[in-house]
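These notebook entries record what I looked up, one topic at a time. I begin with a single residue and its surroundings.

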Amino acid sequence: MLTLCVHRQLAEFTLQIDVTCTYPVTAIFGPSGCGKTTLLNLISGLMRPDGGQISIDDTILFHAEKGIDLPPEKRRIGHVFQDDLLFPHLTVRQNLLYGYQFLAPSERKFHPDTIIDLLELNTLLDRLPNLLSGGERQRVALGRAILTSPRLLILDEPLTALDQELKDRIMPYLRHIRTDLGIPMLYVSHAIGEILQLTGQVIVLNRGQVLAHGDFFSIAHQPKILPLLEAHGFENVLPVEVIAPNRVQYNNQTLHIPPCDRVSGTHIFIGIRANDIILCRQRPAGLSIRNALSAQVIDIVETHGRSLVYIDVGKRLAAEVTPEAIGELALKIGDPVICLIKTHAIRIGPDVS
Amino acid sequence: MVISLPFAVLLGWVLARKNFRGKLILDGLCHLPLVLPPVVVGYLLLLLLGRRGFLGQILSDWFGLQIAFTWRGAVLAAAVVGFPLMLRAVRLAIESVDPRLERAARTLGANPLRAFFSITLRLAAPGVLVGSLLAFARSLGEFGATITFVSNIAGETRTLPLAIFTYINQPDGEAAAARLVLLSIILSLGALIASETVARKMKS
């Protein structure tokens, strides 16, 4: 359990955090420049808070009143940076063992071979970092941090620098670390889609303040959270039941989803961008889109030149429609509509816990 | 050179990584021997470390250590004039290393000293080597400060350039001077080749 109660003056605002993270993986979500990286630096000891306290379980890492401020090397926090920051003069193996060598044998929780196997680094061990691809480098950085047997793994947008294909390939490794190694994680990202593949526990940060903290699906619809999510094109979340590798059921309606590895009967969340939803009056014929849900218009909002139509499919969804289309369809509150969603516009989220 | 290396690394790190009041003044002081005429450097050393000098008196009263007009003084003069060159190279080399690497090392459990030596200094090593070579070259050729500070005493403070100068001034000293000239060429070439080899090994 990570307890944070810190403040620190930054150039444009004050970072003020007071949260407790108990879930195995907690994600910190927020737009760029909201103080996420600073917060991680405060936790790992690379920056000093102006006041407050930080502790993990019973260990106090920082306590302003008691004058406790453990140096980074004593905190046992595995910090994975946005740029992997591998040591360029050391081979992959030496990089991996850099932190491991400082541990007393009794403190070593993982054997290097286990981690090397888990992250599939076997063939890279004798190479220098500059000969690795971005995804490989990030895996080495992960392994290097894990091998320090950290109390907590903090990941600072580890996938941001990678392209989508690589992101998809790294994600399973992160899930392995979460599930198999049992290291608590704090995962920072501005991509909610990434976060939801790991956890539903989210701290939403904006301009240094915690806007909300808790289960993503219960906070996502709060009026102050929604705009942040909408800015990142991730607005709609549905709890569904997997009924086949590429099909899920929601409220007795079947949805086609991209193939996923979940077992039938599992309850998962799926996410849909507002601008990936098409609204129409009648159920269309002869369209390639497989997913058509019956819904009812509950609200129409126009902000910043965008119009969002909120519809009820059993849960509230937001669909982005041009103002002209609203006029053309003559949409008004209470109207029944059909909403169409392309299969590949659906993102697979975490299990419903 | 060996004497000034730890100081150059320490000061190089301070100047590269730290920001404080008077950094400009410290920087200027460190580079003074590079700009001042060597004779002035020698004279200042004499004032400071001579038998009546402030430090010289303390050293000779408390430790019985005499620096001016001894071989120790010659070494010190060479170190002082070579120091700015070494410092410049070391500082530039340290500045070129990403400071975040050292911080990453800290989060992995390395204490500050360990992180500095195993990451920053190791990555700056080629630059440190170049600096050392420059300092060596400068101190090998050192003349003015030496002759002012410790004079030209045979068997005690007669450095290579002083010896060559002495022989050239003697009517029949040309053969001896030629031998010493050859020696300095061998020394310089040896140092150049050695540093090049080591630098290449470090890079690979």
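Entry 1, an aspartate in a loop. I looked up the side chain of A:D335 in this predicted model and found one of its polar atoms 3.0 Å from the backbone nitrogen of A:K332. I then looked for a side-chain partner and found A:R281, whose side chain makes a polar contact with that of A:D335 at 2.9 Å. As to its place in the chain, A:D335 sits in the loop between helix 10 (323-329) and strand 20 (336-341) of chain A.

I next asked which residues A:D335 contacts once its neighbours within four places in sequence are left aside. The list I obtained is A:R281, A:A295, A:Q296, A:V297 and A:A330. Is A:D335 buried or exposed? I noted a relative accessibility of 10%, and since buried means under 20%, A:D335 counts as buried.

Entry 2, the interface of the two chains. I turned to the contacts between chain B and chain A, and noted 19 residues of chain B touching 21 residues of chain A. The two chains bury about 1,800 Å² between them, and 67% of this area is on carbon and sulfur atoms. Which three residues supply more of the area that chain B buries against chain A than any other three? I recorded B:R106, B:T107 and B:L108, which together supply 37% of that area.

I then looked for charged pairs across the interface of chain B and chain A, where the rule finds 2 salt bridges. One that I wrote down joins the side chains of A:D83 and B:R100, with 2.8 Å from N to O. For polar contacts across this interface, I noted 4 residue pairs, with both residues of each at pLDDT 80 or more.

On the side of chain B that touches chain A, I listed the elements that give two or more residues: helix 6 (99-107) and helix 7 (112-140) of chain B. I sorted this side by class as well, and it has 9 nonpolar, 4 polar and 6 charged residues.

Entry 3, cysteines. How many disulfides does a search of the whole structure find? I recorded 0 over all chains. I checked A:C21, which is in no disulfide; the nearest cysteine sulfur, that of A:C5, is 13 Å away. A:C21 counts as buried, because its relative accessibility is 6% and the cut-off for buried is under 20%.

I also checked A:C280, which is in no disulfide either. Its nearest cysteine sulfur belongs to A:C339 and lies 8.5 Å away. A:C280 is buried too, at a relative accessible area of 16%.

Entry 4, positive phi angles. I looked up A:R207, which is not a glycine and yet has a positive phi of about 45°. I placed A:R207 in the loop between strand 10 (201-206) and strand 11 (209-215) of chain A. With a relative accessibility of 45%, A:R207 counts as partly exposed.

I made a further note on A:N252, a residue other than glycine whose phi is positive, near 65°. Where does A:N252 lie? I found A:N252 in the loop between strand 13 (247-250) and strand 14 (253-256) of chain A. I noted 75% relative accessibility for A:N252, which therefore counts as exposed, the cut-off for exposed being over 50%.

Methods. Residues are numbered from 1 along each chain as its sequence is written. Chains are lettered from A and ligands numbered from 1 in the order in which they are written. This is a predicted model: local features need pLDDT of at least 70, side-chain atom pairs count only at pLDDT 80 or more; totals for chains, interfaces and linings use all residues. Side-chain values use heavy atoms; hydrogens and water are left out. Contact means heavy atoms within 4.5 Å. Buried area is the accessible area (1.4 Å probe) that two parts lose on being put together, summed over both. A salt bridge is a side-chain nitrogen of Lys or Arg within 4 Å of a carboxyl oxygen of Asp or Glu. A polar contact is a pair of N or O atoms within 3.5 Å; within protein, one must be able to donate a hydrogen and the other to accept it, and residues adjacent in sequence count only if both atoms are side-chain atoms. Ala, Val, Leu, Ile, Met, Phe, Trp, Tyr, Cys and Pro count as nonpolar, Asp, Glu, Lys and Arg as charged, and the others, Gly among them, as polar. Buried means under 20% relative accessible area, exposed over 50%, partly exposed in between (1.4 Å probe, protein chains only). A disulfide is a pair of cysteine sulfur atoms within 2.5 Å.
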